[in-house]
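Hi everyone, thanks for making the time. I'd like to walk you through one model today, going from a single residue out to the whole chain.

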Amino acid sequence: MDIRERGYKNAERWSDDRVFGPRAYFMPEKQPAHLLVDNIKSADEGVYRCRVDFKFAQTRNSKVILSVIIPPQKLIITDEVGKVRTTVVGPYAEGASLALTCSVHGAKPAPEVTWLKGNQIVNEKIFTSNLDVVSLPISLEKLSRSDLHAELTCKASNNNRTNLSAVVQLDMNFRPLNVEILEPNQSFVAGRKYELICRSWGSRPPARVTWWNEGRRLDKTKDTTSSDGNTTNSILHFVPNKDDAGKYLCCKAENTQVSQDILETGWKLQINYLPETRIVLGASLKADAIKEGADVYFDCIVNALPASFRVEWKLNGRLLHHNIGHGIIISNHSLVLQKVNRNSAGNYTCIAYNAEGTGESNAFDLNVLYTPTCKSNQTRVYGVAKLEKVNISCEVEANPSDVVFKWSFNNSQESFDIGSTYIVKSGTTSTVSHTPHTEMDYGTLMCSASNKVGHQRLPCVFHIIAAGKPDRVSNCTAENVTATSFYLKCLEGYNGGMPQTFYSEIELKSITEANISSAVSRFHVRGLRPNTRYLVSVYAANIKGRSEPYMVEITTLKNFEHIFSFKEVEQPREKFQLNTTMTIIAGVVFSLILLACIVATAIQLYCSRIENQHRKNSRYSNESVVESDEKSSDDIVNKVILNNRNITIVDNDEKDPDIIPQSTFDVVENDNCAHQQLYVSTIEAKVPVARDFYIDNTMANYPSYCTLRNDVGWKSYQVSKDTNIPTKVLKEDQQFIIRTLPRKNSALVCSPSVSWDNYATYSARSARTASPICSMQDQQPPVVADSVGTSKHESAV
């Protein structure tokens, strides 16, 4: 700086570009003056001399030594293998050792280097040698889980103003701490789908979780990890089967980056499964050789866990029950069918039950072989005209269905087999063609079949009759008669040997209103006029002609809708109120009714007591009437005279099983007249002798009899006024017939004081007193004349 003759402000300045250039600036205004050097460099270090030249004084020189301090220029952290780490070191396994080196470059003078773990100094050193690079290592032994993410800092400084540092973070890997299966040791049901969860935690990075079944890895899994990466869940979709029972199912967790140590947990599987059933036919039976009448037994083989507690059997889906009477015996796992028939054939299944559910076996098709039999609902009667050809079909049921047919014809004079030329076979149906030429061609055709099981036991019988017109319908009855319709139902007659159709003609005043046909003898007629009488003709017809019509008149009802079509006007109704006076009257009336009931009951009890006393006294009456003339093997006819009327009473013999009493009526007394009515029913009497037994209508209330069997033991006698019966019994020139049964020699043993003439008087009295008239002993009845005038002894019933 030259200030000669210029002053400080105008002084001339100069700086060598080869040394400082514009970086150096002299400031004389400072006291003392300063030399300012910007952006100092290590090359600027040295001895600086300040020279001041005076105009009139001695030049002065001042020396200043400039020392330039160079802070650490670069810090480099390297690991054990010399790899530079800038942010993260590791990962290190739990329990491993850590060794890092911090290198400081370009520091002058030598820096002080320090290692810190967090805020704690781990290693520190002050270097004295001026080396371009100084290094300081650090070593950490047995790293633990707490060292994860620890910050390791290397600091370097050679002045009190600046320092240089580098930080790395410690990364670590951990093996899993634990692994477990949620809800372990549970039992499974074969075939069902389960979700099993295996959980592992404490591993870094997240553990690898796998499922294994008896050494076989299961791959149907889904893994999830928690947000912090500490927990891993593995979900297994598992469908066990019964073969898995006893196998070891386990879950494994491992961290391959740490070590080969694997955590494992599991258990032996307990597999429950539905019953598995199958039907086995008895060892001595062959499924394709079971015939009707054979005994068949099945065994139900059951494989179940837990064990089955019940076994049921089904036939074609219908549950079978133990029934010895029907030949079905069920015992434990066995089914016995005694004397099977064709209805026993079908699909048999057995169902086993255990705690897990039910299991049904495959169906066993029981095939029962049987000889041919006639199929039901076949046409059995064919009406055929002469020289008319008819095809008669015979269908049988047989197993196996491979059958051979045989036809034969039979009439009243001859029997012969039908030739094969007239027979056509189709499966289990055989058709024979027959054409009547003479009366001898009408008769009976018999069809029988056979298969490998045997021959048909009863042939199918078809009757060939001469075709004709159908018979007239009968017993036509109108039902559900309304104003516009009615329902008519008739009984069908013989169809003449051919299919018949029924016709109904509805006429009104000789004009046909409707004509209805039907396949059955029932007609529903609609659309008629109300309150109108119709004449209905019903007849049957076939191709041979029509029957005689059945005529019936039917009158429709009146149409009440028109009669009662006026509108009814509702009148206001007054509410009924029960006042005090009406209440009193109702109470009095009720009291009187109650009193009358009590009096009537007392009178009835009094009369019953009197009647019982009277019956008790009459039981010991000494009156009895018996009269017998001589012993006879025929019946005894008793003539009874009651109230000037002659009645023939047939006495009931309780010891004779051929006579069955129907009912006994009480004796009715009127004007000294007592009637004892007794009815006797018989077995198989086509024309029972009833009211025509009596003389006239006045005797219609008296007993009548008929035989116990048809055409067996009938005895007919004619009694006329020439007999010893009182003439009041018979009308003039009239006679009647008494029919009896053959019986052993017996008669009425009656009181000696009673004769046949006074039998009626005693009978009436005995009926009133409920005492027996007589007992059966061998006695002689009166003589009765037959229709030719001869006499014989007959016994009355």
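Let's start with Gln500, which sits in the loop between strand 42 (486-491) and strand 43 (501-508). Please keep in mind that this is a predicted model. Is Gln500 buried or exposed? Its relative accessible area is 13%, and the cut-off for buried is under 20%, so Gln500 counts as buried.

What does the side chain of Gln500 reach? The partner is the backbone oxygen of Gly493, at 3.4 Å. Gly493 also turns up in the contact list of Gln500, once neighbours within four places in sequence are left aside. Glu492, Tyr494 and Asn495 are on that list too, and so are Pro470, Ala519, Ala540, Ala541 and Asn542.

Now for the aromatic rings. The structure holds 11 aromatic pairs. One of them is formed by Phe188 and Phe238, with 5.8 Å from centre to centre and 80° between the planes. The angle cut-off for edge-to-face is over 60 degrees, so that is how this pair is classed. The two partners come from distant parts of the chain, 50 residues apart: Phe188 belongs to strand 14 (residues 188-189), and Phe238 to strand 19 (residues 231-238).

How accessible are these two rings' residues? Phe188 is buried, with a relative accessible area of 0%, and Phe238 is buried as well, at 6%. They also have company: ring pairs link Phe188 and Phe238 with Tyr194 and Trp267 into a cluster.

Next, the largest pocket. Its volume is about 1,700 Å³. Which residues of its lining are closest to the centre? Out of 34 lining residues, those are Met1, Phe26, Arg49, Cys50 and Arg51. If you prefer to think in strands, strand 1 (24-27), strand 2 (34-37), strand 3 (46-52) and strand 4 (60-66) each supply at least two residues of the lining. Strand 3 gives the largest share, with five residues. By class, the lining has 21 nonpolar residues, three polar ones and 10 charged ones.

Finally, let's zoom out to the whole protein. Here we have three helices and 60 strands. Of the 797 residues, 36% are buried, with Gln500, where we began, being one of the buried residues. And if you take the contacts with a separation of 6 or more, 63% of them are between residues 24 or more positions apart.

That's my tour, and I'm happy to take questions.

Methods:
Residues are numbered from 1 along each chain as its sequence is written. This is a predicted model: local features need pLDDT of at least 70, side-chain atom pairs count only at pLDDT 80 or more; totals for chains, interfaces and linings use all residues. Side-chain values use heavy atoms; hydrogens and water are left out. Helices (H or I, at least four residues) and strands (E, at least two) are DSSP runs, numbered from the N terminus. Buried means under 20% relative accessible area, exposed over 50%, partly exposed in between (1.4 Å probe, protein chains only). A polar contact is a pair of N or O atoms within 3.5 Å; within protein, one must be able to donate a hydrogen and the other to accept it, and residues adjacent in sequence count only if both atoms are side-chain atoms. Contact means heavy atoms within 4.5 Å. On a 1 Å grid over the protein atoms alone, a cavity is a set of points where a 1.4 Å probe fits but cannot get out, and a pocket is an open set with protein on both sides within 12 Å along at least five of seven lines; lining residues have an atom within 4 Å of a point. Grid points are joined across faces, edges and corners, and a volume is the space filled by probe spheres set on the points. Ala, Val, Leu, Ile, Met, Phe, Trp, Tyr, Cys and Pro count as nonpolar, Asp, Glu, Lys and Arg as charged, and the others, Gly among them, as polar. Rings of Phe, Tyr and Trp (its six-membered ring) pair if their centres lie within 6.5 Å; planes under 30 degrees apart count as stacked, over 60 as edge-to-face and the rest as tilted.
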